[in-house]
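Let's take a walk through a protein model together, one part at a time. Have the sequence and the 3D view ready, and turn the view as you read.

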Amino acid sequence: MEAATSSVTAIGIWLAALPDNKRALPLVLGLVALLFVIANVPWHLDNYDQAKQAYVAFEIEQTGNWLFQTTPAGKSASKPPLMGWISAGFRFLGIPWDWSFRLPSIISATAVTVLLGLAGWRVFGRAGGLLVVAAFGLNLLSPRLATLVRTDMLLAFFIFVPGWIIYLKLRTPSPWTLGERIAFGGAMAGALLTKGPVIYAFLLPGLVAAVFLVKDSDQRRMLWSGWLPWILPLGVFLGWGIAGLLADGNFYEDVVVRELFSRFQEGSRSDERTQPWWFYFPHLIHKFAPWSLFIVAAFALSKTLRHALGKKPELLWCVLWVAGGLVVMTLIPAKRVDRIYPLIPPMALLVVEIAVTLRALKWSRMATGACVIGGAAFSGGYFIGLIPLSISQNASGLVELADAVDDVRAANPGVPLHLVRARDEGLLIYLQTPRFMSTSEFQRAWDSGLPGLFLISNRMQERFSDTLASGEVVIEKPLMHKNETGYRLYKR
């Protein structure tokens, strides 16, 4: 019995000391970097709507149209084009597409990690740096989004920067500098040109609440950057939107209605289902575990922490930043888990603020050490375990198909390739083909005897079985776990 008690005590001492261990921070940084890289292995465009976002940059290269792009289906691209601009810029520098598509997310994830690490170190030394990096990187959301060809990580970076600047101003009150205002406004503009006005939903509610709840007038003044960093970026975004309305008759329906107004209409899009008002709460607890459990337990168990809200405006700001964004996103009817990801960086910052506030309590020190171990095991085990599953599900199916088609193209120089409308939109990029051929265009081309190579899905092949009877099948490839069951390449 004494031996068991002694072992438990030793484990508790070790956990309490873990955040200050010199080796812990580099090990956590290495694990976070590893998970960011492998979470989406293999790096293909076959899921999570990555092909739609990648197509924006691809179309810019193909057409030179930088302001307004389309989807692979030919509709107006529903999101502002900043991420596409960045990816296309990397491509023009000679960087391969596989990296160009993902670099905006990778760089954003790295930047948030660095900014959080610097803030955590300033607040709580080595332990603060370790905890904030571990909280941000060792969960079920950050590794997944770090290399996806999606706007989520880029948007989270742009939303984080203004909130981070406010946080620093509250910690060390000083007059706003021109550089801080430029960084604040630049991040606002970046968020608006990445995904529209959603940044206001994540920042304004907490800011308004802080104006009423921060007691010290000098510190309260630190909340406000002035009007220009908030208004000028909105003017840039509105200018882009007005130009789109004037230039494209479909812009209003595809962008304004589908991307912006659909958020307020439950089930208005096929990728959104009606969800209860509490939808985000259990998902946030689960996806941010074990850190979410530490936050909830700390506020539930510690009067010291609750009293500190009135004394530490930086702690209060972290709470209001997270709570304000969560409440507004909860009130918006259309819900998807990825939409609350911008709450993860301020929640990581909140973990450090709680830890430094409760540093005198042994149970808090033990809990933070346990969270580091639990986060590493939970997140690491999940994403590392997905690798063999991805391999077994033939995740490279579209890439292998594209390689086979390219071999046929090389053997038939000058013969045009036509991709008949399919659900696997990444094929356009893999085969460097600007657009799909519609079914009516295909029927006319085939009936007219147009020579060429025609790649058609099994689904469409069944529809045109009589028409295709006269064609020569040069490739027949089944696919598993894709939008289409397989493809055939016909030669005419």
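Start with strand β2, where five of the five residues are buried, so the strand is largely enclosed by the rest of the structure. Keep in mind that you are looking at a predicted model. "Buried" here means under 20% relative accessible area. In a regular strand, side chains alternate between the two faces of the sheet. You can follow this idea along β2: Leu453, Leu455 and Ser457 are buried on one side, while Phe454 and Ile456 are buried on the other, leaving both faces covered.

Now step back to see the sheet around this strand. In what order do the four strands of the open sheet lie? The order is β1-β2-β4-β3, and the pairing is mixed. At the edges stand β1 (417–419) and β3 (472–478), each with a single partner strand, so each has one side without a neighbour in the sheet. From one strand to the next, the twist averages 20°.

Let's cross the sheet pair by pair. Strands β1 and β2 run parallel and are joined by three bridges. Here leucine 417 stands opposite leucine 453 of β2. Next, β2 and β4 run antiparallel, with five bridges between them. Two of the residues to look for are phenylalanine 454, whose bridge partner in β4 is tyrosine 490, and leucine 455, whose partner in β4 is leucine 489. Finally, β3 pairs with β4 (residues 486–491) in the antiparallel sense, over six bridges. On this side, isoleucine 475 has leucine 489 of β4 as its bridge partner, and valine 473 stands opposite tyrosine 490 of β4. Leucine 489 thus appears as a bridge partner of leucine 455 and also of isoleucine 475.

A helix packs on this sheet as well. Which strands does helix α19 (residues 397–411) touch? The helix touches β1, β2 (453–457), β3 and β4, and its direction makes about 160° with that of β3.

Next, let's turn to charged side chains. The model has 16 salt bridges by the rule used here. In one of them, glutamate 61 and arginine 91 meet with N and O 3.1 Å apart. Glutamate 61 belongs to helix α3 and arginine 91 to helix α4, so this pair ties together parts that are 30 residues apart in sequence. Glutamate 61 is partly exposed, at 26% relative accessible area, and arginine 91 is partly exposed, also with a value of 26%.

Another salt bridge joins glutamate 180 to lysine 169, with the closest N and O atoms 3.0 Å apart. Glutamate 180 sits in helix α8 (residues 178–195) and lysine 169 in helix α7 (residues 152–171), eleven residues apart. Is each partner buried or partly exposed? Glutamate 180 counts as partly exposed at 23% relative accessibility, whereas lysine 169 counts as buried at 2%.

Helix α7 also holds arginine 171, which forms a salt bridge with glutamate 314, the closest N and O atoms being 3.2 Å apart. Glutamate 314 lies in helix α16 (residues 313–331), and the two residues are 143 residues apart. Arginine 171 is partly exposed, with a relative accessible area of 27%, while glutamate 314 is buried at 9%. Elsewhere, Arg150, Asp152, Arg336 and Asp338 are joined into one network by salt bridges that share partners.

For a contrast with these charges, find the nonpolar surface patch of about 470 Å² made by Leu204, Val208, Val211, Phe212 and Leu213. Leucine 213 lies in helix α9 (residues 198–213) and counts as partly exposed, at 46% relative accessibility.

We can end with some details of the loops. Where are the cis peptide bonds to look for? One runs from valine 41 to proline 42, with omega near -5°, and another from alanine 289 to proline 290, with omega near 5°. Proline 42 is in the loop between α2 (24–38) and α3 (50–63), and proline 290 in the loop between α13 (280–287) and α14 (291–301). In the loop between α20 (427–430) and α21 (439–447) you will find glutamine 432, which has a positive phi of about 50° although it is not a glycine.

Terms used:
Residues numbered from 1 in each chain as written. Predicted model: local features only at pLDDT ≥ 70, side-chain atom pairs only at ≥ 80, totals over all residues. Heavy atoms only, no water. Pairing = 2+ DSSP bridges. Axes fitted to C-alpha atoms, helices over the stretch in contact; angles between N-to-C directions. Contact = heavy atoms within 4.5 Å. Patch = residues over 30% accessible without salt bridge, like charges linked within 9 Å, V, L, I, M, F, W, Y side chains within 5 Å. Areas by Shrake-Rupley, 256 points an atom, 1.4 Å probe, with all protein chains shown as cover. Salt bridge = Lys/Arg side-chain N within 4 Å of Asp/Glu carboxyl O. Buried < 20%, exposed > 50% of the residue type's maximum accessible area, 1.4 Å probe, protein only.
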